[in-house]
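Please open the model in the viewer and keep the sequence panel visible. The tour proceeds by selection, from the whole chain to individual side chains.

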Amino acid sequence: MSAAELAARRARIDRIDAVLVRLVAARQRQVALIAGLKAGPESVRDPKRIAAILARVRSDARRCGLDEAIAVPVWRELLERSAEAQQALLGRPDLMGRLNDGPGAVSSPPGPSVRPPTMPGGSLAHESL
């Protein structure tokens, strides 16, 4: 493999990584919004939901040619960090009020240069890709 081909492939990986980051950020925003619907910290982790997500990830990984040995640990980590973010939000009533659909609720920004408030762990409280 030539240096130019290696550089081109690495540039492609960098573009894929940028898309992955945007997708994970969108997921994280949904996690933050869902925290507002939960009864409390004890309801953050749902073993049945976790099992269903991991089963779906395994199936999707097989279908897309992604090695399950990569997919499953990545999603386990994503699920754990998401649960921790929800617990942090549930412990912060000042932030939880901003996630609800009332006056002062966080919504999509009017333009690309406006950034919504950052939640614990770097999550954003709106959805945009």
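What is the mean pLDDT of the chain, and what percentage of its residues reach 70 or more? This is a predicted model; its mean pLDDT is 81, and 73% of the residues reach 70 or more. Colour the chain by pLDDT and select residues 101-129, where the value is below 50. Beyond near neighbours in sequence, that stretch has 48 contacts in the model.

**Helix α3**

Next, select residues 68-90, which form helix α3. The helix has 23 residues and spans 32 Å from its first C-alpha to its last, close to the 33 Å expected at 1.5 Å a residue. At its start, display D67: a side-chain oxygen of this residue comes to within 2.8 Å of the backbone nitrogen of A69. Then show the side chains of the buried positions in α3, among them A71, V72, L78, L79, L89 and L90. Buried positions of α3 also include S82 and Q86.

**The nonpolar core**

Which residues make up the largest nonpolar core? Select I53, L54, V57, A61, A71 and L79, the 6 residues of this core. Helices α2 (47-64) and α3 are the elements that give two or more residues to it, and α2 supplies the largest share, with 4 residues. In soluble globular proteins, nonpolar side chains tend to be buried together. Centre the view on V57, which touches A71 and W75 when residues up to four places away in sequence are not counted.

**Salt bridges**

The structure holds 7 salt bridges. Begin with E80 and R45, whose side chains meet in one of them at 2.5 Å, N to O. This pair links distant parts of the chain: E80 is in helix α3, whereas R45 is in the loop between α1 (3-35) and α2, 35 residues apart. Are these two partners buried or partly exposed? E80 counts as partly exposed because its relative accessibility is 31%, and R45 is likewise partly exposed, with a relative accessible area of 33%.

Move now to R58 and E68, whose side chains meet in a salt bridge at 3.9 Å, N to O. Here helix α2 provides R58 and helix α3 provides E68, 10 residues apart, so that the pair links distant parts of the chain. R58 counts as partly exposed at 27% relative accessibility, and E68 counts as partly exposed at 27%.

Within helix α2, select D60 and R63, which form a salt bridge at 3.0 Å, N to O. Because they are 3 residues apart in this helix, D60 and R63 are separated by about one helical turn. D60 is partly exposed, with a relative accessible area of 29%, whereas R63 is exposed, with 60%. Then add R62 to the display of R58 and E68: salt bridges that share partners join R58, R62 and E68 into one network.

**R81**

For the last stop, return to helix α3 and select R81. This residue counts as partly exposed, at 42% relative accessibility. Its side chain makes a polar contact with the side chain of E84 at 2.7 Å. How far apart are R81 and Q28 in sequence and in space? The two residues are 53 residues apart in sequence and 9.5 Å apart in space, C-alpha to C-alpha.

Notes:
Residues numbered from 1 in each chain as written. Predicted model: local features only at pLDDT ≥ 70, side-chain atom pairs only at ≥ 80, totals over all residues. Heavy atoms only, no water. pLDDT = per-residue confidence, 0-100. Contact = heavy atoms within 4.5 Å. Expected span 1.5 Å × (residues − 1). Buried < 20%, exposed > 50% of the residue type's maximum accessible area, 1.4 Å probe, protein only. Polar contact = N/O pair within 3.5 Å; in protein donor to acceptor, adjacent residues only side chain to side chain. Core = buried A, V, L, I, M, F, W, Y, C linked by side-chain atoms within 4.5 Å. Salt bridge = Lys/Arg side-chain N within 4 Å of Asp/Glu carboxyl O.
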